[in-house]
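Please examine the structure shown below and follow its strands and helices in turn. The paragraphs after it explain how these elements are arranged.

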Amino acid sequence: MSIQVENLTKAYGQQKAVDSISFSANNGRIMGFLGPNGAGKSTTMKILSCFIPQTSGKALVNGFDVLTNPVEAKRQVGYLPEHNPLYIEMYVKEYLNFIAELHQTPNKVQRIKEVIDLVGLGVEQNKKIAQLSKGYRQRVGIAQAILNDPPVLIMDEPTSGLDPNQLVDIRQLIRDLGKDKTIVFSTHIMQEVEAVCDDVVIINKGTLVENDSLQNIFSRHKSKSLEEIFIRLTSQNVVV
Ligand SMILES: Nc1ncnc2c1ncn2[C@@H]1O[C@H](COP(=O)(O)OP(=O)(O)OP(=O)(O)O)[C@@H](O)[C@H]1O
C-alpha cells in the first residue's frame, strides 16, 4: 500500500480537525478525497506531505513514516497545495528549474520540457507566472508536483478555477498519471470523482464516513448519484 493512515488525528487547540481516521491508497489507483468545507481534507493532505505533523496516529507514504522519516516520506510525494503558492515574479521555466534544483532532478532541462508538455503549458512557457491566468498557474502547480516523477501525488483541489476545456485536459492528465502512481486528490465536483476516481474517501467534521471503491459505494447505496450519497453522509438535515 502506498499510503497507510491509521487513527490519524490533528487537533488545533481544542478542535479536532481530523479525528482518528484510517484509510489506505494503492498504486495505480486514483482516490477522491471528499468532504464539506472544513471537514479536514487539507489538514490530512498537509500531514501526508509532511507539511504539518499529526497530533497522534500514524501515516506512512510508500512505507516511510511521515513523523519518524520525513525526509524519505517527502521524497515519495508530489504535492499541490490548495492555494498553490508560486513565486509569481519568476518565469515559468525559471520556477520549474528552481524546483528541479531543489529535487536535484536528473536531466533537468529534458524533464522540464517533458512536464511543460504533459501539463499543456507549452504556449505560456515563456511568461512570468504573474502574467498567467488562474488555470495556467494551476498547471504550473501541477508541473512542480510531478517534476520529480514521485510515486505518490497529493493534490488539493487541482481543478479548482479551471475552465471546462482545461478541466477536461487536467482530468485526462490525472487519469494518465494515475496509471502508475498513487493519486489522492480533493475536489468538490462530484461529476469529476465519477469521471476520474477508482476509490473514494469521504470525511465529515474530521471523521471518516465512507471509504470504498466507487463501484462498491454505488452498489451499497443502491445507485444513488454520488452527490446524493455525499449529502446524505455529510448533512444532518437533508434526507435523500
Ligand atoms: N492552522 C490552523 N489553525 C486552527 N484551525 C485550523 C488551521 N487549519 C485548519 N483549521 C481548521 O481545521 C478544520 C479543517 O480545515 P481544513 O482546511 O483541513 O478543511 P477542508 O476539508 O480542507 O476544507 P475546504 O473544503 O474548505 O478546503 C477547519 O475547521 C479549519 O478552520
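**Strands and the helices across them**

The model is predicted, and strand 9, which spans residues 199-204, offers a suitable place to begin. Strand 9 is joined to strand 10 by 6 bridges, and the two pair in the antiparallel sense. Within this pair, Asp-199 is found opposite Ser-213 of strand 10.

As a general principle, the strands of a sheet are paired by backbone hydrogen bonds, in either a parallel or an antiparallel manner. Here, strands 9 and 10 belong to an open sheet of 6 strands, whose order is 6-7-8-3-9-10 and whose pairing is mixed. At the edges are strand 6, residues 77-80, and strand 10, residues 207-213; each of these pairs on one side only. On average, neighbouring strands in the sheet are turned by 15 degrees against each other, direction ignored.

Helices lie across this sheet. Helix 1, formed by residues 41-48, lies across strand 3 (30-34), strand 6, strand 7 (152-156), strand 8 (182-186) and strand 9. Its direction is at about 150 degrees to strand 7. Helix 9, formed by residues 226-234, lies across strands 3, 9 and 10, and it runs at about 30 degrees to strand 9.

Another pairing involves strand 1, residues 3-12, and strand 2, residues 15-25. These two strands pair in the antiparallel sense over 7 bridges, and Ala-11 stands opposite Lys-16 in strand 2. Strands 1 and 2 form a hairpin with 2 residues between the strands. In this hairpin, Gly-13 adopts a positive phi near 60 degrees.

Notes: Residues are numbered from 1 along each chain as its sequence is written. This is a predicted model: local features need pLDDT of at least 70, side-chain atom pairs count only at pLDDT 80 or more; totals for chains, interfaces and linings use all residues. Two strands pair if DSSP finds at least two bridges between them. Helices (H or I, at least four residues) and strands (E, at least two) are DSSP runs, numbered from the N terminus. Axes are lines fitted to C-alpha atoms, for helices over the stretch in contact, and angles run from 0 to 180 degrees between N-to-C directions. Two residues are in contact if their C-beta atoms, placed from the backbone, lie within 7 Å.
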